[in-house]
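The following exercises concern the strand pairing and helix packing of a predicted model. Please work through each task before reading its solution.

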Amino acid sequence: MSQGPRSGLAAVSSALLAMSRHLEVRDVLKTIVASARELLDAQYAALGVPDDHGGFAQFVVDGVSEEQWRAIGPLPRQHGILAAMLHEARAERLADVREDPRFEGWPAAHPDMSDFLGLPIRDGDEVIGALFLANKRCPRPQGGCGFTEEDEELLAILAQHAAIALTNARLYERSRELTIAEERSRLAHELHDAVSQKLFSLRLTAQAAAALVDRDPVRAKGELHQVAALAAEAADELRAAVVELRPAALDEDGLAATLRTQIQVLDRAHSARVTFTAHSCRALPAAQEEAMLRVAQEALHNALRHADAAHVDVTLERRGPGAVLRVADDGKGFDPGTVRRAGRHLGLVSMRDRASGAGGRLTVQSAPGKGTTIEMEAPGG
């Protein structure tokens with residue numbers, strides 16, 4: 001095990017420990033791919049989890065930028081070499097994948113690859129995924145491919161532990177899905193009880209106001225104020241319940257893609273210009289990604305609803321093992337000296353709680369007439 005910048009048992013141990021730290025399936029997949037690529041010193045790595053329809057339910061890559069990945073297009077189908085990994089359940093080590101008779105080409109934006117190493121990930125007799133590595137970063141032996149038999153043995157060890165980590169993550173997620181289903185049921189009952197009561201009170205109060213309009217306008221005005229208060233309370237209760245539900249898009253697409261989609265919708269729906277930029281971001285633990293998404297949503301709500309902003313810029317960038325989210329607007333701003341009073345109105349207390357609850361921190365910069373910048377830093381994992 002002499003290949004690569006990190007070799008030997010220490011490197012293997014580091015990769016296995018990294019896999020065991022995560023319980024979310026998407027986090028485990030990304031960690032497996034990154035560990036395999038680093039361990040074998042390859043330029044590209046990918047991991048595909050098959051679906052039941054000739055494609056991949058999930059396909060995670062490392063070494064390809066987010067822009068490149070979007071340009072490549074839809075997830076690959078199970079054909080050619082990819083199919084061999086899943087259906088023949090044996091390792092494939094090739095000097096040049098392009099010369100293999102099963103090679104069927106790739107999309108125009110796909111990076112060029114030559115030497116190739118692929119290995120199925122098995123749980124007993126079931127193939128639950130396949131690891132692919134390409135373009136080893138070392139001089140190719142004369143007449144052979146860049147990957148060696150030793151590399152194949154090392155990847156086989158990694159694949160065995162990857163199967164354990166992936167199976168454990170799936171079991172955890174199934175358990176969590178049951179918990180979420182129970183929580184959704186509880187929330188549904190709470191929403192039904194609380195909001196139904198509010199709406200019933202609102203209806204009675206509105207009827208009382210209508211009856212008083214002609215004979216007692218002053219009392220009617222008071223009743224209408226009560227209608228507004230009840231409607232606001234009902235909206236707050238709905239919003240509080242909804243934000244507690246983790247969006248499925250985070251699990252499926254990741255933080256950057258989820259933010260990009262939501263911001264594109266906001267940009268179309270509001271007169272303000274809303275932009276998003278992501279720089280060299282890697283996956284974070286699920287709790288940190290969810291906290292960042294909620295902070296972004298709250299900050300965007302403030303900027304678009306209360307700050308009268310003409311431009312809101314959202315950035316997500318890597319900082320060490322973690323990431324930084326920044327939401328900056330050119331709106332009317334506020335005085336941080338009144339943060340205790342403004343904090344409740346602008347949701348700053350909630351944002352700080354979310355950030356600290358995920359092990360991160362929140363900073364707020366603002367001044368009257370100078371806009372607002374809200375920044376959350378997450379430590380990573």
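**Exercise 1.** Determine how many residues lie between β4 and β5 in their hairpin, and describe the backbone of G124.

*Solution.* Begin at the turn: two residues separate β4 from β5 in the hairpin. Within that turn, G124 has a positive phi of about 70°. Next, follow the pairing away from the turn: D123 has E126 as its bridge partner in β5, and L117 is partnered by L133. In total, eight bridges join β4 (residues 116-123) to β5 (residues 126-136), and the two strands run antiparallel.

**Exercise 2.** Identify the strand order of the open sheet and its edge strands.

*Solution.* On its other side, β4 is joined to β3 by three bridges, again in antiparallel orientation; one of the partners in β4 is F116, which pairs with L94. Extending this to five strands gives the order β2-β1-β5-β4-β3, with antiparallel pairing. The edges are β2 (56-62) and β3 (92-94), since each pairs on one side only. From one strand to the next, the twist averages 15°.

**Exercise 3.** State which strands are touched by helix α2 and which by helix α4, then assess the burial of β4.

*Solution.* First, α2 (residues 25-40) packs on the sheet through β1 (42-50), β2, β4 and β5, and its direction makes about 145° with that of β1. Second, α4 (residues 80-87) lies across β1, β2, β3, β4 and β5, at about 140° to β5. Finally, taking buried as under 20% relative accessible area, six of the eight residues of β4 are buried, so β4 is largely enclosed by the rest of the structure.

Conventions:
Residues numbered from 1 in each chain as written. Predicted model: local features only at pLDDT ≥ 70, side-chain atom pairs only at ≥ 80, totals over all residues. Heavy atoms only, no water. Pairing = 2+ DSSP bridges. Helix = DSSP H or I, 4+ residues; strand = E, 2+ residues; numbered from the N terminus. Axes fitted to C-alpha atoms, helices over the stretch in contact; angles between N-to-C directions. Contact = heavy atoms within 4.5 Å. Buried < 20%, exposed > 50% of the residue type's maximum accessible area, 1.4 Å probe, protein only.
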